[in-house]
Amino acid sequence: MSDYRLLDTPIEYLKGVGPQRAAILKKELDIHTYIDLLQYYPFRYVDKTKFYKINELYEELPYVQFVGRIISKELIGANRTQRLVVWVHDNTGKIELVWFQGIKWIKDKIQIGSDYVIFGKVSVFNGKKNIAHPEIEDYSEFTQSRPSKLQSVYNSSEKLKIRGLDTKGISKLLKILVPLINGSIPENLNFDIIQSLRFLSRQESFKQIHFPDSPQQLVQARNRLKFEELFYIQLDLLKVKKEREINEKGFIFGKVGSYFNDFFYKNLPFELTNAQKRVIKEIRVDIGSGKQMNRLLQGDVGSGKTLVALMSMLIALDCGFQACIMAPTEILAKQHFETFSSLLSGLSINIAIITGSSKTAEKKKVLKSLLDGECQIVIGTHALIEKTVEFKNLGFVVIDEQHKFGVAQRAKLWSKNNQAPHVLVMTATPIPRTLAMTFYGDLDTSVIDELPPGRKPIMTLHKMENERFRVIHFMKEQISLGRQIYIVFPLINESETLDLKDLNEGYENLLVDFPLQKYGISVVHGQMKAIDKEIEMKRFLENKSQIMVATTVIEVGVNVPNASVMIIENAERFGLSQLHQLRGRVGRGADQSYCILMTKQKLGFEAKKRTSTMVATNDGFKIAEVDLQLRGPGDVAGTQQSGNTQFLIADLKKDYQILSVARKMASEIIDKDPNLLLPENLVLKNNLIRFRRTKEDWSKIS
């Protein structure tokens, strides 16, 4: 039976499982069928052919294995604090073994005077070497079935272990399953791929991933299984993209007219960078091709994405269409409205804004002007996707900070037309290559990789609490030079569980050194009313206040060229991308700007890595790569649009090369056979259908 019928057998029918174990496997590991168990891959492997002597054991070693004789066992403490302490020795020394759980079972199992094979991780406590919760096996039983290969280690849990489903128990089930399905695992790649990449068969790959004959065989199995997982993601994305190119006709913006040219020759505030010119050309090719554009525009904070978006929208206006831009917050929407109004002054272009706080009468007026075509550009928040918002002829859509919106929200916007408008999605959070290919693989991508001329790189400094006096002195110097300062806090109110300096306390402390009689201080946070936020923002923008104390509400949308210092309190509590976004609020004028990361004295590994990365580089793409290494793909991409980031075996942090090959092969297949109808591709078509049933939707823009 070389199809999926046997592999789709419910897991309770496997010998050694039964209803109770099946229930816990389903709940804890999401294992429902034979194929689910087969795809529950080991997270590491150990070489159990090597034995140490006790005097060779030290803390820095990975997991170790040795033979020792039990010389004593003792229960210490009572109830919840009870532990079992066992001393074991060989001819070179002795070591302590300790258990805090499963004590009764272990205590009854081991006998004083008997020899055991012990496997675990050495640690040091109170100057004594010990191993907590080691695996332990009677030496006579071990020698009868002594392993000669790498041993798989599986993630488990206490609930699983109670049912005997630790690493050993899961391995036992796989030893039953793998021979049982021999000859019944269908190939899911075509012959050409297997041949050209010299892959093991799928059957052999599953065998070697769980029970490797050698390190070389394990590498081959891993590469094969990683490839097929990444390949089907790419095949799915590229097939969707190709179908859209074939079926989704786009408005043809075939001319550049007076709106674009008048702006370019009369109102353009500075010369475009080469990167901006390149991206505008890429967009013009798309919107003049007759196909619907779906383009992702990446660019660091301050690189000029908004200007590119505006100039692209003016081409839509020249061709008789309306355009809109949707932003995730009112602050950013209003910032865009003010920026657009300023840039387009004197050009007789009707611009409007719609947000959740728009007054009813004003909103009605905008809705009417959109429907009759009088309003040419509308800027808004989520309010744009309400049913009451209708366009006469929407032709160009811009989504700013697109990761803040879900797929369904975006779809509502461009479904307001019978024919889909051109779509430009923008992000100021640079996306690592592997994520871009995986989550945005169905989009064309443009990158603005240079800053406008005259911008000086922001100088980033890391300071600790004992250096605060110097930081305050520096702030006063900057204010005396006419500059302004942001101070960002991670929380608004005091937290009982986190040792954080909150905004309210920070504001009060600030008044000691910066009294209101001499300095102006604005306060902005997410719980303020919109009108109050606007008043405080306006004071800062007009330089009536020199310091803005804020939460991350200013992460996007605040543009004050005179603000040259960003101080981030408790910087260890922020992620890298957020630190980079916050830093981008300064450096917008011609003056030298600074970002000061304030942290506590003692930092963990990740916090040290984040702060050192920020100090070392202003390059958003380098920062994004480090962020991926630290946090993983789901967190970096954002949960709303990322789809299922739980890869079974692939690792986007490490598998760029495999991903590149998978995308190249998928692209060649789709270009040649978009509907996968050729005989050699039927296996791919059938497995793609299965893949789509078992995976969440990946980030499709339309």
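Which residues does F231 touch, not counting residues up to four places away in sequence? The legends below start there and then move on through a predicted model.

**View 1. F231 and the largest nonpolar core.** F231 touches L189, I193, A662, M665, A666, I669 and L684, leaving aside residues up to four places away in sequence. F231 is also among the residues with the most contacts inside the largest nonpolar core, together with F227, L235, I354 and V378. That core has 54 residues, and helix 9 (residues 215-247) supplies its largest share, eight residues. A second, separate core of 44 residues includes F253, L272, I287 and V398. As general background, nonpolar side chains tend to be buried together in soluble globular proteins.

**View 2. The seven-stranded sheet.** Here you can follow an open sheet whose strands come in the order 12-13-11-14-15-10-16, with parallel pairing. Strand 12 (351-354) and strand 16 (444-448) each have a single partner strand, so one side of each is left without a neighbour in the sheet. From one strand to the next, the twist averages 20°. Inside the sheet, strand 14 (residues 394-399) and strand 15 (residues 422-427) run parallel and are joined by four bridges. Look for V397, which stands opposite V423 in strand 15. Helix 11 (residues 274-287) packs on this sheet, where it touches strand 10 (294-299), strand 14, strand 15 and strand 16. The direction of helix 11 makes about 160° with that of strand 16.

**View 3. Helix 10 against helix 12.** Helix 10 (residues 258-267) packs with helix 12 (residues 305-318) at an angle of about 145°, and their axes are 7 Å apart. On the helix 10 side, the contact is made by S258, Y259, F260, F263 and F264. Helix 12 brings L307, L310, M311, L314, I315, L317 and D318 to the contact. Sorted by class, this contact has ten nonpolar, one polar and one charged residues.

**View 4. The six-stranded sheet.** This open sheet has the strand order 17-22-21-18-20-19, and its pairing is parallel. Which strands stand at the edges? They are strand 17 (459-464) and strand 19, and because each has a single partner strand, one side of each lacks a neighbour in the sheet. The twist averages 20° from one strand to the next. Strand 17 runs parallel to strand 22 (residues 594-599), with six bridges joining them; the bridge partner of K463 in strand 22 is M598. Helix 17 (residues 468-480) lies across strand 17, strand 18 (484-488), strand 20, strand 21 (563-568) and strand 22, and runs at about 155° to strand 22.

**View 5. Strand 19 and its β-α-β unit.** Strand 19 (residues 521-524) is covered on both faces: I521 and V523 on one side, and S522 and V524 on the other, are all buried. Strand 19 pairs with strand 20 (residues 547-550) in the parallel sense over four bridges, and V524 has A550 as its bridge partner. With helix 19 (residues 530-541), these two strands make a right-handed β-α-β unit. Helix 19 lies across strand 18, strand 19, strand 20 and strand 21, at about 145° to strand 19.

**View 6. T611 in helix 21.** Is T611 buried or exposed? T611 sits in helix 21 (residues 605-616) and is buried, because its relative accessible area is 4%, under the 20% cut-off. T611 touches H462, L597, T599 and L603, not counting residues up to four places away in sequence.

Conventions. Residues are numbered from 1 along each chain as its sequence is written. This is a predicted model: local features need pLDDT of at least 70, side-chain atom pairs count only at pLDDT 80 or more; totals for chains, interfaces and linings use all residues. Side-chain values use heavy atoms; hydrogens and water are left out. Buried means under 20% relative accessible area, exposed over 50%, partly exposed in between (1.4 Å probe, protein chains only). Contact means heavy atoms within 4.5 Å. Two strands pair if DSSP finds at least two bridges between them. Axes are lines fitted to C-alpha atoms, for helices over the stretch in contact, and angles run from 0 to 180 degrees between N-to-C directions. Ala, Val, Leu, Ile, Met, Phe, Trp, Tyr, Cys and Pro count as nonpolar, Asp, Glu, Lys and Arg as charged, and the others, Gly among them, as polar. A crossover is right-handed if, with the strands pointing away from the viewer, the path from the first strand over the helix to the second runs clockwise. A nonpolar core is a set of buried Ala, Val, Leu, Ile, Met, Phe, Trp, Tyr and Cys residues joined through side-chain atoms within 4.5 Å.
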